[in-house]
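Subject: Handing over the structure

Hi,

Here is the structure I promised to pass on to you. Please have a look, and my notes on what turned up in it follow below.

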Amino acid sequence: MNRRTAFFTTLAVTTALTLTACGNEDTDAPAKGSDTTTGVEATTSSAPASSGRPEIELPGDISYTFDWPKTGDKEKDAVLADSEQSIKAVDQAIVKQDALDKAYLYYYEGEAAAETQKFVQDYVDHKAAITGSYRFYAPEVNVRKDGTASLSYCEDQGKAFVKYLETNKIKKTEVTAKSYVMYHTSLKKNDKGVWVITKLVSEGGHDQCQP
């Protein structure tokens, strides 16, 4: 499943959100931990909040790998750091079943915020959350003098799954070329010094993201 494509249902390179997921087999399996919307008992936290940034806490059955090392450029590295937090913030909203969670609204504005709200609400309406391992790689970041930036990156969703909260079961399906997704984001630096996302589009099965 492309977890974030429902952001972009009005855009040309969109694929529709379905509450299935990419994985190794088509089976139902019990999720780790409890059947509450907060996930498992043990949680993993992002880096502590700094400069007013919200703290993000996620269940221990969700893990991330960000294969985007620091560039050595202060602003580019800030774009990467804030983008990492923005991804986790959306996932926190899904886990909390809160389409207006303050953490993701800290990192998304305008069109991106509106589409993200719809995306999270779709999970809420279906009483579904997420679980599994998420890998992000091949970042390309460009910072402009006018305070805007662009970031493209890939996501491997081969071990990413949807968890149904009422049954606490996980849906797994076959990994395909569409499990590898390209994202293109537009960002701007706000008056708090945060790189916020203003627009985001995705394309499943992109050639540049294939293993």
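Let me begin with a residue that may catch your eye: Asp101 is buried, with a relative accessible area of just 4%. Its salt-bridge partner is Lys96, and the closest N and O atoms of the two are 2.6 Å apart. Lys96, at 43% relative accessibility, counts as partly exposed, so this pair joins a buried acid to a partly exposed base. Before going further, please keep in mind that this is a predicted model.

Some overall numbers may help you get oriented. The protein has 211 residues, and 49% of them are buried. Its secondary structure comes to 3 helices and 12 strands. Among contacts with a separation of 6 or more, 67% are between residues 24 or more positions apart. The accessible surface is about 10,000 Å², with carbon and sulfur atoms accounting for 49% of it.

Back to the charged pairs. Side chains of opposite charge can pair when their charged atoms come close. The count of salt bridges here is 8, and two others besides the one above are worth a look.

One of them joins Lys188 and Glu109, with 3.2 Å between the closest N and O atoms. This pair links distant parts of the chain, as its members are 79 residues apart. Lys188 sits in strand E11 (residues 180-189), while Glu109 is in the loop between helix H2 (102-107) and helix H3 (110-125). Both ends are partly exposed: Lys188 has 35% relative accessibility and Glu109 has 26%.

The other lies within helix H1, where the side chains of Lys88 and Glu84 meet at 3.3 Å, N to O. Because these two are 4 residues apart in the helix, about one helical turn separates them. Here the base is the buried partner: Lys88 has a relative accessible area of 11%, which falls under the 20% cut-off for buried. Glu84, at 21%, counts as partly exposed.

Now for the interior. In soluble globular proteins, nonpolar side chains tend to be buried together. The largest nonpolar core in this model has 45 residues, and those touching the most other members are Tyr64, Trp68, Ile94, Tyr108, Phe136 and Leu151. Helix H1 (residues 74-96) gives the most to this core, with 8 residues.

What does Leu151 contact, once its neighbours within four places in sequence are left aside? Its partners include Trp68, Val79, Leu80, Pro139, Val141, Tyr183 and Leu187, and also Ser83, Glu140, His184 and Thr185. Apart from the largest core lies another one, of 5 residues, among them Tyr137, Tyr180, Met182 and Cys209.

Cys209 brings me to the last item. The structure holds 1 disulfide, formed by Cys154 and Cys209 with their sulfur atoms 2.0 Å apart. The link is left-handed, at -75 degrees about the S-S bond. It too connects distant parts of the chain: Cys154 is in strand E7 (residues 148-156) and Cys209 is in the segment after strand E12 (195-204), 55 residues apart. Both cysteines are buried, Cys154 at 0% relative accessibility and Cys209 at 1%.

Over to you, and happy exploring!

Best wishes

Terms used. Residues numbered from 1 in each chain as written. Predicted model: local features only at pLDDT ≥ 70, side-chain atom pairs only at ≥ 80, totals over all residues. Heavy atoms only, no water. Core = buried A, V, L, I, M, F, W, Y, C linked by side-chain atoms within 4.5 Å. Buried < 20%, exposed > 50% of the residue type's maximum accessible area, 1.4 Å probe, protein only. Contact = heavy atoms within 4.5 Å. Salt bridge = Lys/Arg side-chain N within 4 Å of Asp/Glu carboxyl O. Areas by Shrake-Rupley, 256 points an atom, 1.4 Å probe, with all protein chains shown as cover. Disulfide = S-S within 2.5 Å.
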